[in-house]
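Please follow this chain through its sheet, its helices and the contacts that link them. The model shown here is a predicted one.

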Amino acid sequence: MFSPTDYRFMAQALRLAEKGLYSTSPNPRVGCVLVRDGQVVGTGWHERAGEAHAEINALAAAGPAARGALAYLTLEPCSHYGRTPPCADALVQAGVAKVITAMQDPNPLVAGRGCALLEEAGIEVKTGLMEAEAKALNIGFVSRMTRGRPWVRVKIAASLDGKTALNNGSSQWITSAAARRDGHRWRARSCAVMTGIGTVLADDPQLTVRHIHTSRQPMPVVVDRGLDIPLDAGLLRGAGELVFTAAASEGKIVALRDVGAHVILLPDSAGNVDLAAMMRRLADLEINEVLVEAGSGLNGGLIQADLVDEFVIYLAPCLIGNAARDMLKLPELSNLEDKRALKIHNVRAVGQDIRIIARGPDGMAT
């Protein structure tokens, strides 16, 4: 169905899309390559929300050469008016002859309509070239559109015996500087970085991207059952931070709002924060990917609620001992058949440490 040349140009479009890894949120990462007579006449990628989409940038680069061209798109062109006009209309008006897309847009506002508009205009359309690669690049956007919640990624830095800190709370630094830089790449691609109140009180984290360049900072999110977060916490920067709580403390809520934070009251029947409802709320706020950097309590709670899609675990070549703090707080099992199975997705060395990426066996929730 697709030729080696098709694969080559779609791979180029995917590389262009990846340039938006840190900047396009909440939109998908999309690349476009326009080819005429075997030669690239225009390329483009979506840089950030509210600005021109990949197709528009490629068409602008190609100019009149776009007429009769073949367009390689990593995602079906949009067919609706959002922050920008429909890209399907722009491709029709430019006179492209054929469009090959990697995947259908999972957004219900599009979901095949973009390709249908092209076909109605007499443009040949083929879909499915390097679809897995395109979905992986937009794993959070796909999750939000199809499941109504973000892709949740738990990052853990631990010793080889699975400990994240000494019993007194000291954890800086178990893993190497290279691992910490790599961790900031995961922060940079995330829409939000989440932690628990225990980590806030113990470490006062900023949850910002500092070790690599990015034009956008992820939103800090705190799960704080009792609303104990200090008003001078380092992550409260007056930029709309989210605090999810189960405590209806009106005075503290007002004080937090005064320093720029948004407090969302979401108690469950046990008086804890309703984690599933929290994820749905984050999806409503157009959060695609959440990076969790928390202690064993929140990590364990998210796992038990079946809300973790992926683990990014850095293991340092050291041993801390059984009295140190564990990665996860989970109930004791009496039968090994009840263990939570994972599938290793990737293993690589990062500096002197090992990075393991693992997911549930179905590729989604654990």
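Five strands make up an open sheet of mixed pairing, and they are arranged in the order β2-β1-β3-β4-β5. Because β2, residues 39-45, and β5, residues 124-127, each have a single partner strand, they stand at the edges of the sheet, and one side of each is left without a neighbour there. On average, and with direction ignored, neighbouring strands of this sheet are turned by 15° against each other.

Strands of a sheet pair through backbone hydrogen bonds, in either a parallel or an antiparallel sense. At one edge of this sheet, β4, which covers residues 98-101, pairs with β5 in the parallel sense over four bridges, and within this pairing valine 99 has valine 125 of β5 opposite it. A helix also meets the sheet: α1, residues 4-18, lies across β1 (31-36), β2, β3 (70-73) and β4, and runs at about 145° to β1.

How do two helices pack against each other? Two packed helices are described by the angle between their axes and by the distance between those axes. For α3, residues 87-94, and α4, residues 113-120, the angle is about 20° and the axes are 9 Å apart. Since angles under 35 degrees count as roughly parallel, α3 is therefore roughly parallel to α4. The crossing of α3 and α4 is right-handed, and the contact is made by Ala88, Asp89, Leu91 and Val92 on the α3 side and by Gly114, Leu117 and Leu118 on the α4 side. Sorted by character, the residues of this contact of α3 with α4 comprise five nonpolar, one polar and one charged.

Further along the chain, another parallel pairing appears, in which five bridges join β8, residues 192-196, to β9; here alanine 192 stands opposite methionine 219 in β9. Strand β9 itself, residues 219-223, is mostly covered, with four of its five residues buried.

Which residues of helix α11 are buried? In this helix, which spans residues 296-304, they are Leu298, Asn299, Gly300, Leu302 and Ile303. These buried residues of α11 pack against β8 and β9, and also against β6 (151-159), α10 (275-284), β12 (289-292) and β13 (310-316). After α11 comes aspartate 306, which has a positive phi, near 55°.

Key
Residues numbered from 1 in each chain as written. Predicted model: local features only at pLDDT ≥ 70, side-chain atom pairs only at ≥ 80, totals over all residues. Heavy atoms only, no water. Pairing = 2+ DSSP bridges. Helix = DSSP H or I, 4+ residues; strand = E, 2+ residues; numbered from the N terminus. Axes fitted to C-alpha atoms, helices over the stretch in contact; angles between N-to-C directions. Contact = heavy atoms within 4.5 Å. Parallel < 35°, antiparallel > 145°, perpendicular 65-115°, else oblique. Left-handed = near helix turned anticlockwise from the far one by under 90°. Nonpolar A, V, L, I, M, F, W, Y, C, P; charged D, E, K, R; others polar. Buried < 20%, exposed > 50% of the residue type's maximum accessible area, 1.4 Å probe, protein only.
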